[in-house]
Every structure is written in structure tokens, then in C-alpha cells.
Amino acid sequence: MKCLPTVFAAILLLPVTVFGQDSTPFHKGQWAAQFQAGTAFGSLGFIKFRSPTRALLLDLRISGSHSEAMVTDSSGTRFGGLNSTASTQVRFGWRRYSGDGPAAKVVSHYSFGALTGFEHDVAAGRTGSSRTNRWTVGAFGDVGGTYLVTSRLGIGALATATLFYQNGISRSSFGNKLHDWSIGGSALSASLVATLYF
């Protein structure tokens, strides 16, 4: 916990102290695994360094939920309904790192790339059911910073924004079919990140 104030101070000072430098503690061919948790669902990412300052990023995000309701009245307890959701998203992009030399303890980075995803929703009640499938394609960008606790472990923060196109088909147990599409995005969402370097 003692290093937490140092991490936040380092992230706040990144634009002044780090961006623009072109040397980091990383090397070509190095791999890293990135674990993310924030206001949305978490993710697991893999980083492949192409040079000390450039890397490829592959990020997998999976989320899901399930809930059921039971109704109790004078006739007893019975099924009231359910809602179930599962979604996955894959992001592939390029990341640029900046640091203050091979011995730097703080590195900054920004990424950009493409995303694709799939979502499946099911709802059921006493009078019927429905299911929806949605496909997503779009782009993402992020900016963040990492404090290197050791040469193998870094902790930091990441802010991400997305822009996407979504297409969906909904079907009900009554035979109805609805086709819809939307264009949307998300403003900057903050996440805490832990990275393991190999």
C-alpha cells in the first residue's frame, strides 16, 4: 500500500515527465500478460514487444450474468422469470511505450486498434421468452501508465475509449423477429492494471 501514492503521482506526472522519451526497460521479443479490473468487466491481455517502445496487444474480455425470480402467493411458490447474459470481446492493437531510459521505474503508453464482440441475451417469463444475439465491430484507444514494482511486475492505471457499430437480432417465443443496429461508443473509463513481464 505504501507504493500506491507513488503510482498515482507518477500517472499524474506522465504527460510532463515521460511522454516524448524513447527508451524503456523492455526489449524486443519480450512478452507480458496484463490483467485489468475497473468500472466495467475485467480482461486478460497479452503483449508482444516488437522493440523497447513498440508492442502488439491482444486483449480478451468475457462477462456474464444470470438471475432468476420466484413468485410466492396463496397458491405456493413458482417460477417467475429469468434473465441471462453472456458477452465476449476481443481487441487487437498496437501499443507505444515511453520511458526515461532502461532503468525507468515509470513508463507511459498509449494504444489503438480494432475490436470485435458477441453478446447473447435470454429472457423468460411465465408468458413467453425471448433471445437476442448482437455482433459488434469497432475501434478503441487507451492511454495509461505503469509503475514497475520489479522488473517482472508492474501496476498502473488505464483510461480507454471506444467507438463501435452493433447489429442484433431478437426472436420471441411468439414467432416475432426484430432486427436492429446502432452506432455508439464509450467515454474514457478507468481501470486498474497489473502486468507480468516475462
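How much area does the protein chain expose, and what share of it do carbon and sulfur atoms supply? The exposed area is about 11,200 Å², of which carbon and sulfur atoms supply 64%. The model on display is a predicted one.

**The whole chain.** Begin with the protein chain coloured by secondary structure. It contains 1 helix and 8 strands, and along the sequence the order is α-β-β-β-β-β-β-β-β. Of its 198 residues, 33% count as buried. Among contacts between residues at least 6 apart in sequence, 61% join residues at least 24 apart.

**Strands β2 and β3.** Select residues 43-49, which form strand β2. Its covered face carries Ser 43, Gly 45, Ile 47 and Phe 49; the uncovered face carries Leu 44, Phe 46 and Lys 48. Next add residues 54-73, strand β3, which pairs with β2 in the antiparallel sense over 6 bridges. A hairpin of 4 residues connects β2 to β3. To inspect one bridge, display Ile 47 together with its partner in β3, Leu 57.

**Strands β7 and β8.** Move to residues 153-172 (β7) and 177-197 (β8), antiparallel strands joined by 18 bridges. Thr 162 is found opposite Ser 186 of β8. In the hairpin between these strands, which has 4 residues between them, select Gly 175: its phi is positive, near 90°.

**The largest cavity.** Turn now to the interior space, where the count comes to 2 cavities of 30 Å³ or more. The largest holds about 50 Å³ of space. Select its lining: Gln 34, Gln 36, Leu 57, Asp 59, Arg 61, Arg 91, Arg 95, Phe 140, Asp 142, Leu 158 and Thr 160. Two or more of these residues come from each of β1, β3, β4, β6 and β7. Strand β3 gives the most, with 3 residues. Coloured by class, the lining shows 3 nonpolar, 3 polar and 5 charged residues. Leu 57, the bridge partner of Ile 47, is among the lining residues.

**The second largest cavity.** Finally, select Gln 34, Arg 95, His 109, Gly 145, Thr 146, Gly 156, Ala 157, Leu 158 and Val 193, which line the second largest cavity. About 40 Å³ of space lies within it. Strands β6 and β7 each supply at least two lining residues, and β7 gives the most, with 3. By class, this lining has 3 nonpolar, 5 polar and 1 charged residues. Gln 34, Arg 95 and Leu 158 belong to the linings of both cavities.

Conventions: Residues numbered from 1 in each chain as written. Predicted model: local features only at pLDDT ≥ 70, side-chain atom pairs only at ≥ 80, totals over all residues. Heavy atoms only, no water. Buried < 20%, exposed > 50% of the residue type's maximum accessible area, 1.4 Å probe, protein only. Contact = heavy atoms within 4.5 Å. Areas by Shrake-Rupley, 256 points an atom, 1.4 Å probe, with all protein chains shown as cover. Pairing = 2+ DSSP bridges. 1 Å grid on protein atoms, 1.4 Å probe; cavity = no way out; pocket = protein on both sides within 12 Å on 5 of 7 lines; lining within 4 Å. Points joined across faces, edges and corners; volume = space filled by probe spheres on them. Nonpolar A, V, L, I, M, F, W, Y, C, P; charged D, E, K, R; others polar.
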